[in-house]
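Me: I am new to this structure and should be grateful for a close look at one part of it. Please begin with the surroundings of a single residue and then move outwards.

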Amino acid sequence: MDYLIALSPFTVNLLVQQQIPPEKIYYIPNAEKDFCRHFTNEEKLLVRQKYFLSKQDKVLLFVGRVDLFKGIDFLLAAYKLLLEQRQDVHLFIVGDGLLDRYLPTCSPCWKHITFTGRLKKKVLADLYTIADLGIILSFQEQCSFVAIEMLMHGLPTIVSSVPGVDNMFEEGVTTFCKVDVKIKEGEMNQSDIQNIAKSIDKALNGSSLKQIGINARKCYEEFYQEEQWYRKYLTIFGV
């Protein structure tokens, strides 16, 4: 083995702790080609109308595999709590997975939740563009492509405070906040669920989302564009 490539600073530290020589370790995060569509406010409104959403609707967006380790249980439980306080929030869940398991648990909130399955990038770009808040509650990640896409689209987020996700976002700068997602004795931590619901409500009521979105886009341009990824790999080979 000549070199090891790590996708997160957390993994770099793990490798060093395992006595891997630091000079053999390269930190190169994932990257993705920019497919953000820069719409005006008027164009965004037209896209919302296309999906039968009003200007007043607040759109939450989850993208990823629908299973336990992506935090979907926490998301649905927190969303139900949120709906007790406000009904102007619609949740889109994009991705395949254990739909048969989770659809029944959405009762009686089916009207407010849309499971789309896996989408083509053009449609996904529409949802990234019109969403008000992205939600990433994964239990573990290395360098999430969904996180990169949310940064790419300048979408403000609430993210879980776990290694991999935690390394990609700065609280109050490129994400609204980081939240805990813990399972104790086989059950979700109820205080974590309450905190997620309160954080979503606070984010949607706050005035900082626009600047966080601007910062998120800058973060993508600086660290996660394809061009940076190419250059870092070429550096390994002395090109």
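Which residues does lysine 182 touch, not counting residues up to four places away in sequence?

Reply: The model is a predicted one, in which local features need pLDDT of at least 70 and side-chain atom pairs count only at pLDDT 80 or more, while totals for chains, interfaces and linings use all residues. Residues are numbered from 1 along each chain as its sequence is written, and side-chain values use heavy atoms, with hydrogens and water left out.

Once residues up to four places away in sequence are set aside, lysine 182 touches Phe74, Glu187, Met188, Asn189 and Asp192; contact here means heavy atoms within 4.5 Å. Lysine 182 itself sits in the loop between strand S8 (177-179) and strand S9 (183-184). Helices (H or I, at least four residues) and strands (E, at least two) are DSSP runs, numbered from the N terminus. With a relative accessible area of 40%, lysine 182 is partly exposed; buried means under 20%, exposed over 50%, and partly exposed in between (1.4 Å probe, protein chains only). The C-alpha atom of lysine 182 is separated by 10 Å from that of serine 161, and these two residues are 21 apart along the chain.

Two of the residues touched by lysine 182, Phe74 and Asp192, lead further into the structure. Phe74 is taken up with the aromatic pairs, of which the structure holds seven. Rings of Phe, Tyr and Trp (its six-membered ring) pair if their centres lie within 6.5 Å; planes under 30 degrees apart count as stacked, over 60 as edge-to-face and the rest as tilted. In one of these pairs, phenylalanine 69 and phenylalanine 139 have ring centres 6.2 Å apart and planes at 85°, so the pair is edge-to-face. Phenylalanine 69 belongs to the loop between strand S3 (58-63) and helix H3 (72-83), and phenylalanine 139 to the loop between strand S6 (133-136) and helix H6 (145-152), so this pair ties together parts that are 70 residues apart in sequence. Phenylalanine 74 also pairs edge-to-face with phenylalanine 139, at 5.9 Å centre to centre and 80° between the planes. That pair links distant parts of the chain, with phenylalanine 74 in helix H3, phenylalanine 139 in the loop between S6 and H6, and their positions 65 residues apart. Phenylalanine 74 and phenylalanine 139 are both buried. Together, Phe69, Phe74 and Phe139 form one aromatic cluster.

Phe74 and Asp192 appear again where two helices meet. H3 and helix H7 (residues 190-205) pack at an angle of about 60°, with their axes 8 Å apart; axes are lines fitted to C-alpha atoms, for helices over the stretch in contact, and angles run from 0 to 180 degrees between N-to-C directions. At that angle H3 is oblique to H7, where under 35 degrees counts as roughly parallel, over 145 as roughly antiparallel, 65 to 115 as roughly perpendicular and the rest as oblique. H3 passes H7 in a right-handed crossing; a crossing is left-handed if the near helix is turned anticlockwise from the far one by less than a right angle, and right-handed if clockwise. From H3 the contact draws on Phe74, Ala77, Ala78, Leu81 and Leu82, and from H7 on Asp192, Ile193, Gln194, Ile196, Ala197, Ile200 and Asp201. By class, the residues of this contact of H3 with H7 divide into nine nonpolar, one polar and two charged (Ala, Val, Leu, Ile, Met, Phe, Trp, Tyr, Cys and Pro count as nonpolar, Asp, Glu, Lys and Arg as charged, and the others, Gly among them, as polar).

Another helix pair may be set beside this one. Helix H2 (residues 41-50) and helix H5 (residues 121-130) pack at an angle of about 120°, with their axes 10 Å apart. That angle makes H2 oblique to H5, and H2 passes H5 in a left-handed crossing. Lys44, Val47, Arg48 and Lys50 of H2 meet Asp126, Thr129 and Ile130 of H5. The contact of H2 with H5 has two nonpolar, one polar and four charged residues.

Some loop residues complete the picture. Phenylalanine 52, in the loop between H2 and S3, has a positive phi of about 60° although it is not a glycine, and at 78% relative accessibility this residue counts as exposed. Glutamine 19, in the loop between helix H1 (9-17) and strand S2 (25-27), likewise has a positive phi, of about 70°, and counts as exposed at 67% relative accessibility. Serine 107 and proline 108 are joined by a cis peptide bond, with omega about 0°.
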